[in-house]
Each structure stands twice: as structure tokens, then as C-alpha cells.
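Me: I am new to reading protein structures, and I would like to go through this one slowly, with a reason given for each answer. Could you show it to me before we begin?

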Amino acid sequence: MQPIRLEELLGRERYGAERDAIRRRLIAHKRVRRVSVGDRLTFLFEDRTTVWYQIQEMLWVEHVTDLDAVRSELAVYNQLVPGADEFSTTLLVEIEDQTRIREELQRLIGIDEHVALEIGAGLRVAGVFEAGRQTAERLSAVQYVRFLLDPAARARVAAGAPLALAASHPNHQARAALPEAVRASLVADLTDAAAVDAALASVRDGGGA
């Protein structure tokens, strides 16, 4: 999947004028990219569209207009765009009781060793967590997790194997089969670059070029 290019970004004036409509389209796009695993973990499968939106929002909120600063942010956020043989996800640890956030996050320390993508029967791909987002005493509520696909795993996904996400942490054990719409979206990530670019155009321009 190609990184976001500078020329794909909207200028501040246009983005501000269309921001509400873009957000509505982005929410619809995320519906086929998001999966909850139990009542604590929510995974968003990133693609060019979700990363583009994050960049635009950051530039808007932080009032970034300097081209060198924009390029710097592009380099940072483009690290979330998945490569040709992987899925890239943002994992949100969601805790409703605000008074127990620290306690519940501590209970999930070590989650980086207990998340996997299941591809069909018998094939599990362990999640690779970004380093530096947890210690022996502390866990960030936002994690970045990649699932690296070898040729056999990639072929299975492309061929339509059912997919599921599983967590096997002692304090959080859950499994979620990916809905067909999510699975189809991930297959397109691996096999249909035109569809990936069309999804971005649809959110960015409302379907127009």
C-alpha cells in the first residue's frame, strides 16, 4: 500500500469547509475496518484512508501550514500505512469506568504477547506490537499492532479464508470473527490497489476525483 503523498492532502481552507462531511464519510469507512474483541479491546485496521484522515485532522487541530512541518508529519503518520504483506492496526483499550482506568490497564500488561490473527483453521499470526508503549508497570491505552503475513498466510487471506482476532491474556480472553465486510475490505488491501485508492477518493472528495 502506497504512503500518503503531499499532493493528496487538502489545503486548510478546503478541509475546513468540508470537514464535517469528510468526517461522516470517514465514520462510514471505519465501520468495515473496526473489530471489537471482548469488552476491552477494539482494533482499527488502518489503510490509506484512515491514515490520510489522521494527518488532515492533526494539521487542522495544530494549525500546521509550514511545508517542512507537513512533510515531517507525513513521515510520522505514514508509518501506520500497512506494507504489502501485513495488516496494520491501532488497538484501543477501552475502559468505561474512568476511576478504574489505571487499574484496568495494569491488569492488561503483557497483552503484547497474547494477541493473534487467525486465518482459517490452524493458522495463527501473532501480533507485533510497537515498542515503547508499555513497561512492567504501565500500559498505554493506545497500541499499534501489525500482523505480518508470510506467503502462505497472504495466499489464504486472498483466497477468502475466514479471519478472526483472538486475545488470550489471563485477564482478557476473547475472540471475534471478522464480519464479512471487514474481511472483504482486508482482502482488497492485499489484492486491489485501485479499490484502496478509490476508498480514499470517496472519503476525500465524496466520490469524485
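What follows is a set of questions and answers on charged pairs and on a pocket.

Reply: Please keep in mind throughout that this is a predicted model.

Me: How many salt bridges does a search of the whole structure find?

Reply: Side chains of opposite charge can pair when their charged atoms come close. A salt bridge is counted here when a side-chain nitrogen of Lys or Arg lies within 4 Å of a carboxyl oxygen of Asp or Glu. Searching the whole structure for such pairs gives a total of 22.

Me: In which helix do arginine 14 and glutamate 18 both lie?

Reply: The side chains of arginine 14 and glutamate 18 meet in a salt bridge, with N and O 3.2 Å apart. Along the chain these two residues are 4 residues apart, which is about one turn of the helix. The helix that holds both of them covers residues 12–30, and its name is H1.

Me: Is glutamate 104 buried or exposed?

Reply: Glutamate 104 forms a salt bridge with arginine 100, and their closest N and O atoms are 2.7 Å apart. Arginine 100 has a relative accessible area of 34%, so this partner counts as partly exposed. For glutamate 104 the relative accessible area is 7%, and since buried means under 20%, glutamate 104 is buried.

Me: Which residues do salt bridges that share partners join into one network?

Reply: Glutamate 104 and arginine 100 form a salt bridge with each other, and both belong to this network. Salt bridges that share partners link them with further residues, and the full network is Asp39, Arg40, Arg100, Glu103, Glu104 and Arg107.

Me: What is the relative accessibility of glutamate 118?

Reply: The side chain of glutamate 118 meets that of arginine 124 in a salt bridge, at 3.0 Å from N to O. Glutamate 118 counts as buried because its relative accessibility is 14%.

Me: Which helix supplies the largest share of the lining of the largest pocket?

Reply: The largest pocket has a volume of about 200 Å³, and 13 residues line it. H1, helix H2 (48–61) and helix H3 (67–77) each supply at least two residues of that lining. The largest share is 3 residues, and the helix they come from is H2.

Me: How many residues of the lining of the largest pocket are nonpolar?

Reply: Among the lining residues, Leu10, Gly11, Arg12, Leu59 and Val64 lie nearest the centre of the pocket. When the lining is divided by type, 3 residues are polar and 1 is charged, while the number of nonpolar residues is 9.

Notes:
Residues numbered from 1 in each chain as written. Predicted model: local features only at pLDDT ≥ 70, side-chain atom pairs only at ≥ 80, totals over all residues. Heavy atoms only, no water. Buried < 20%, exposed > 50% of the residue type's maximum accessible area, 1.4 Å probe, protein only. 1 Å grid on protein atoms, 1.4 Å probe; cavity = no way out; pocket = protein on both sides within 12 Å on 5 of 7 lines; lining within 4 Å. Points joined across faces, edges and corners; volume = space filled by probe spheres on them. Nonpolar A, V, L, I, M, F, W, Y, C, P; charged D, E, K, R; others polar.
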